[in-house]
Amino acid sequence: MQELEKKLGYTFQNKALLEQALTHSSFTSDIHRNYERLEFLGDRILGVTVAEMLEKAFPDEPEGSLAQRFVRLVCKNAVAEVMRKLGVAHFIIAGAKDARHSPGVLCDVGEAIIAAIYMDSGLMETAQDFVRRNWEELIDTRSHPHKDYKTFLQEKSAHLNLPAPVYEVVGRDGPAHEPVFVMRVSLGGKHYAEGTGPNKKQAAQAAAAKMLEELGITDV
């Protein structure tokens with residue numbers, strides 16, 4: 001744990017929190033011992049922090065461009081990349097060893113670690129500092145604006161002879177002044193992906209980006 005703490009740049013007072021953040025559900029289904037609940041919280045902290053970083057880094061860009069940058073920085077592959085650089089995979093506790101190198105698991109663990117830092121320190125700023133340190137270099141290397149994800153998915157679907165994407169709102173969470181929408185996109189009832197955002201437009205963009213990722217399409 002000391003070796004990992006050095007990589008993370010944070011020393012835990014409660015080591016059990018770090019262990020929980022590293023524990024996959026294949027090792028234990030106990031929600032108080034695996035990372036699933038921490039992942040839920042960490043995802044929200046990551047999103048708020050990255051949004052703030054982008055707002056400050058690109059003060060003259062419209063909301064649409066910021067939304068596209070945001071999706072690229074909080075997607076599964078981006079979080080997994082950060083965790084790989086930190087060498088986190090070696091420390092993941094899982095029943096199946098192959099799970100340690102899965103981008104999805106690495107992403108989940110990364111979000112759980114963010115939440116664990118917040119809960120251990122009791123300070124949102126400490127968790128956000130961790131995000132800022134590790135996502136700062138991605139702002140320039142990954143977050144350039146791309147074509148509208150919904151439009152791109154529409155074009156790719158036609159090219160692959162798949163039905164046109166269909167979007168629907170499947171959930172809404174959070175207070176009225178700060179809602180989180182969950183949007184699902186489907187292709188012919190065979191392919192499904194979900195995305196979240198502070199409004200339906202951004203949630204749909206996130207869902208389209210997720211669908212492209214699930215289809216293995218990266219040339220956006």
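This tour visits a pair of packed helices and then a pocket in a predicted model.

**First stop: two helices**

Select helix H3, residues 36–57, together with helix H7, residues 124–135. Their axes lie 10 Å apart, and the two helices pack at an angle of about 60°. H3 and H7 are therefore oblique to each other. Rotate the view to examine the crossing, in which H3 passes H7 in a right-handed manner.

Next, display the side chains where the helices meet. On H3, the contact is made by Ile45, Leu46, Val48, Thr49, Val50, Glu52 and Met53. On H7, select Met124, Ala127, Gln128, Val131, Arg132 and Trp135, which make the contact from that helix. Colouring the contact residues of H3 and H7 by class gives nine nonpolar, two polar and two charged.

**Second stop: the largest pocket**

Keep H3 selected, and turn to the largest pocket, which holds about 1,300 Å³ of space. Which residues are the closest to its centre? They are Asp43, Phe70, Val74, Thr196 and Gly197, out of 39 residues that line this pocket.

Now add the elements around the pocket. Helix H4 (63–74), helix H6 (103–121) and helix H10 (200–214) each supply at least two residues of the lining, as do H3, strand E2 (180–187) and strand E3 (191–197). Which element gives the most to the lining? That element is H3, with 11 residues.

Finally, colour the lining of the largest pocket by class: 20 residues are nonpolar, seven are polar and 12 are charged. H3 thus appears at both stops, packing with H7 and giving 11 residues to the pocket lining.

Conventions
Residues numbered from 1 in each chain as written. Predicted model: local features only at pLDDT ≥ 70, side-chain atom pairs only at ≥ 80, totals over all residues. Heavy atoms only, no water. Axes fitted to C-alpha atoms, helices over the stretch in contact; angles between N-to-C directions. Helix = DSSP H or I, 4+ residues; strand = E, 2+ residues; numbered from the N terminus. Parallel < 35°, antiparallel > 145°, perpendicular 65-115°, else oblique. Left-handed = near helix turned anticlockwise from the far one by under 90°. Contact = heavy atoms within 4.5 Å. Nonpolar A, V, L, I, M, F, W, Y, C, P; charged D, E, K, R; others polar. 1 Å grid on protein atoms, 1.4 Å probe; cavity = no way out; pocket = protein on both sides within 12 Å on 5 of 7 lines; lining within 4 Å. Points joined across faces, edges and corners; volume = space filled by probe spheres on them.
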